[in-house]
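Student: Got a minute to walk through a structure with me? I'd like to get a feel for the fold before I go back to the bench.

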Amino acid sequence: MNVHENKKIVTDFFRHLNERNLKDAFELLDDDLRWWIVGNIPVSGDYDFKKITFGFKMIFRAFEHFQFTLKEMTGEEERVSLVAESHGIRKS
């Protein structure tokens with residue numbers, strides 16, 4: 001795949017998440033994915049396929065109106081880097 005196709009996959013993935021269509025979102029992920037969340041917050045770190053899909057399921061159970069806003073995206077070779085914001089209302 002080229003950079004444009006990889007960026008489209010990332011965009012489609014987050015569109016599916018925002019639509020709560022987790023099945024279609026997760027089908028876009030490769031089994032050997034590595035996902036890195038920067039920072040020093042509780043969810044920061046390196047994730048594999050199993051951990052990231054479980055994490056998203058837990059997020060959508062814990063928050064109402066949870067949405068991602070994609071801010072910046074760059075791609076090179078087979079890699080895509082994304083800066084995104086997320087917002088939601090914690091369920092009580």
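**The hairpin and beyond**

Tutor: Let's start at a turn: in the hairpin of β3 and β4, which has 2 residues between the strands, Glu77 takes a positive phi near 50°. This is a predicted model, where local features need pLDDT of at least 70, side-chain atom pairs count only at pLDDT 80 or more, and totals for chains, interfaces and linings use all residues. Residues are numbered from 1 along each chain as its sequence is written, and side-chain values use heavy atoms, with hydrogens and water left out.

Student: OK, and how many bridges join β3 to β4?

Tutor: There are 11, and the two strands run antiparallel. Two strands pair if DSSP finds at least two bridges between them. Strands themselves are DSSP runs of E, at least two residues, while helices are runs of H or I, at least four residues, and both are numbered from the N terminus.

Student: What is the bridge partner of Gln67 in β4?

Tutor: That's His87. For orientation, β4 covers residues 79-90, and β3 covers residues 63-76.

Student: Zooming out, in what order do the elements run?

Tutor: From the N terminus on, you get α-α-β-β-α-β-β. The radius of gyration is 13 Å, close to the 12 Å from the globule rule for 92 residues, so the protein is as compact as a globular protein of that length. The radius is taken over C-alpha atoms, and the rule is 2.2 Å times the number of residues to the power 0.38.

Student: Back to β3. Is Phe68 buried or exposed?

Tutor: Phe68 is buried, because its relative accessible area is 14%. The cut-offs are under 20% for buried, over 50% for exposed, and partly exposed in between, using a 1.4 Å probe and protein chains only.

Student: What is Phe68 in contact with, leaving aside its neighbours within four places in sequence?

Tutor: Phe14, Leu17, Asn18, Phe56, Glu85 and Ser86. Contact means heavy atoms within 4.5 Å. Phe68 also sits 8.4 Å from Arg15, C-alpha to C-alpha, with their positions 53 residues apart in sequence.

Student: And Thr53, where is that?

Tutor: Thr53 is in helix α3, residues 49-62. Thr53 counts as buried because its relative accessibility is 8%. Once neighbours within four places in sequence are set aside, Thr53 touches Phe26 and Leu29.

Student: What share of the 92 residues is buried?

Tutor: Buried residues make up 24%. As for contacts between residues at least 6 apart in sequence, 42% join residues at least 24 apart.

Student: Back to phi for a second. Which residue in the loop between α1 and α2 should I look at?

Tutor: Try Arg20, which lies in that loop, between α1 (3-18) and α2 (22-27). Arg20 has a positive phi, near 65°. Most residues other than glycine have a negative phi. Arg20 is partly exposed, with a relative accessible area of 36%.

Student: What about His65, what's its phi?

Tutor: The phi of His65 is near 55°, a positive value in a residue other than glycine. His65 is in strand β3, and His65 counts as exposed because its relative accessibility is 58%.

Student: Last one: how far apart are the mean positions of the positive and negative charges?

Tutor: They are 8 Å apart, for 14 positive and 16 negative charges. Lys and Arg count as positive, Asp and Glu as negative, and His and the chain ends are not counted. Each charge is placed at NZ of Lys, CZ of Arg, CG of Asp or CD of Glu.
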